[in-house]
Each structure stands twice: as structure tokens, then as C-alpha cells.
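Visitor: Hi, I have just opened this one and would like a slow walk through it. Could you start with whatever I need to know to read it?

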Amino acid sequence: MPSPKATRSTARLVVLVSGEGTNLQALIDACRDADYGARVVAVGADRGKITALADACAGHAPDLIVLAGFMKLVGRAFLGSFGGRCVNTHPALLPSFPGAHGVRDALAHGVKVTGCTVFIVDEGVDAGPIVAQACVPVDDDDDEATLHERIKVTERALLVSTVGRMVREGWSVRGRKVRIGQRGR
Ligand code: GRF
């Protein structure tokens with residue numbers, strides 16, 4: 001009799017990156033465990049034409065697209081194909097401090113706690129429905145680099161656990177409310 005591992009389908013992830021790729025690496029590491037429930041079938045970086053993105057991703061038949069800190073807006077054609085099936089990660093507690101300088105802006109504001117957010121990508125800038133968040137303390141002596149590094153430790157763990165739960169348990173998006181579990185029902 002086949003084992004449960006052999007019969008359960010493994011979700012196909014396409015991961016798009018802009019930065020150093022440590023979130024991507026964390027996902028790749030997690031996928032080594034068959035129980036994680038996903039595998040990375042393609043990786044893209046924000047180098048080429050953004051107009052080609054939807055077709056390039058579709059060619060890999062992804063179940064979920066993970067923007068692991070991807071810094072470009074994906075555009076309407078992409079969302080037409082993958083809306084509701086694309087998540088991004090942001091190094092602040094949205095809706096506070098969206099945009100390219102979330103860590104710097106949180107620090108400048110003087111917050112004592114910041115964090116990271118996994119969210120469903122929509123047409124806005126870091127504006128989509130929130131899937132998961134985690135808090136990170138701000139130290140008095142932090143600068144942007146030290147704070148970002150501390151956030152990224154938590155961010156990697158949150159992204160890996162959230163993507164894993166989504167692919168294993170399913171998810172639903174109703175308005176701004178995202179629910180993981182019961183295969184999304
Ligand atoms: C992450 O903090 C991401 O949220 C932000 O840039 C960082 C990328 O890190 N946009 P890495 O490329 O995964 O190391």
C-alpha cells in the first residue's frame with residue numbers, strides 16, 4: 001500500500017525574488033522535507049520584462065506564486081491569471097510602513113515593535129489581504145541594517161510556515177479576510 005507521503009500531491013511553487021534570496025533559500029530548504037507539501041518548480045528574478053512574467057509563470061503550472069520580497073508590481077495581466085494565488089512578504093506590520101523602505105520608515109517613526117507580514121498580492125503596493133504576521137522588537141541601538149536582519153530571521157520562519165500551511169490545508173480569501181485551513185472552506 002502506498003504511504004500517505006507517496007499519495008499526497010505536492011504543490012508547485014514559483015518563487016520570484018529581488019534581494020539576497022535568503023527567503024527563497026529558506027523555502028528551498030523546507031521543501032526538502034516531503035511532509036512540507038510543496039516543491040519549488042521555478043525561480044525568477046526581477047531582471048527581464050515584467051510583461052513576460054505572467055506567461056513565464058504560467059508555463060510552470062504553479063499552485064502558488066511566492067514573491068519572496070519581489071520589489072516590482074506584478075501588473076494586471078499577472079493578477080488576472082494568479083490573483084488569490086500569489087503571496088508576498090513585507091518587512092513591517094502592514095498596513096503600517098508599506099513600500100520599499102518599510103524598515104527605515106518604522107525606525108524613523110520610533111516604533112518599539114515592528115515585524116513582518118505575508119499577504120495576498122493585489123494591485124496596490126503592499127495593500128492586499130493579510131495572511132499572517134509576526135512581531136519583532138526594535139532595540140534602542142538599532143539601525144536599518146540591524147533591524148532588518150532581525151526581522152528577516154522571523155520573516156523567513158513566517159514565510160515558510162505560512163506557505164506550508166497554505167499548500168497543505170488550503171486557504172480562502174473573502175474581502176480582506178484570509179483563512180487557512182479546512183482546504184479553504
Ligand atoms: C525581505 O525582508 C523582504 O521582505 C524585503 O527584502 C528582503 C529580501 O530578503 N523586500 P531576501 O532577498 O529574501 O534575503
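Guide: Let us begin with a word that will come up often: a residue is called buried when its relative accessible area is under 20%. Please also keep in mind that this is a predicted model.

Visitor: Okay, so is F78 buried or exposed?

Guide: F78 has a relative accessible area of 1%, and because buried means under 20%, F78 counts as buried.

Visitor: And what about F82, buried or exposed?

Guide: F82 is buried as well, with a relative accessibility of 3%.

Visitor: Where do F78 and F82 sit in the chain?

Guide: They belong to helix α4, which covers residues 76-82, and because they are four residues apart there, about one helical turn separates F78 from F82. In general, an α-helix has 3.6 residues a turn, so residues three or four places apart point the same way.

Visitor: How many aromatic pairs are there?

Guide: When ring centres must lie within 6.5 Å to pair, the count comes to one aromatic pair. The rings involved are those of F78 and F82, whose centres are 5.1 Å apart and whose planes stand at 55°, so this pair is classed as tilted.

Visitor: Changing topic, which residues of α5 are buried?

Guide: In α5, the buried residues are G102, V103 and A106. They lie on the same side of α5, because the arc they cover around the axis is only 100°. The cover over these buried residues includes β4 (86-90), β5 (113-120) and α6.

Visitor: You mentioned α6, so how do α5 and α6 cross?

Guide: The axes of α5 (residues 102-109) and α6 (residues 144-169) come within 9 Å and cross at roughly 115°, and the crossing is right-handed. On the α5 side the contact is made by V103, R104 and L107, while α6 contributes E144, L147, H148 and I151.

Visitor: What classes of residue make up that contact?

Guide: The contact of α5 with α6 has four nonpolar residues, one polar residue and two charged residues.

Visitor: What comes right after α5?

Guide: G110 follows α5, and the phi of G110 is positive, near 85°.

Visitor: One last thing, what does T162 touch?

Guide: T162, which lies in helix α6, touches V118, V131, A132 and I180, if residues up to four places away in sequence are not counted. T162 is also buried, with a relative accessible area of 4%.

How values were computed. Residues numbered from 1 in each chain as written. Predicted model: local features only at pLDDT ≥ 70, side-chain atom pairs only at ≥ 80, totals over all residues. Heavy atoms only, no water. Axes fitted to C-alpha atoms, helices over the stretch in contact; angles between N-to-C directions. Helix = DSSP H or I, 4+ residues; strand = E, 2+ residues; numbered from the N terminus. Left-handed = near helix turned anticlockwise from the far one by under 90°. Contact = heavy atoms within 4.5 Å. Nonpolar A, V, L, I, M, F, W, Y, C, P; charged D, E, K, R; others polar. Buried < 20%, exposed > 50% of the residue type's maximum accessible area, 1.4 Å probe, protein only. Arc of directions from axis to C-beta. Phe/Tyr/Trp six-rings, centres within 6.5 Å; stacked < 30°, edge-to-face > 60°.
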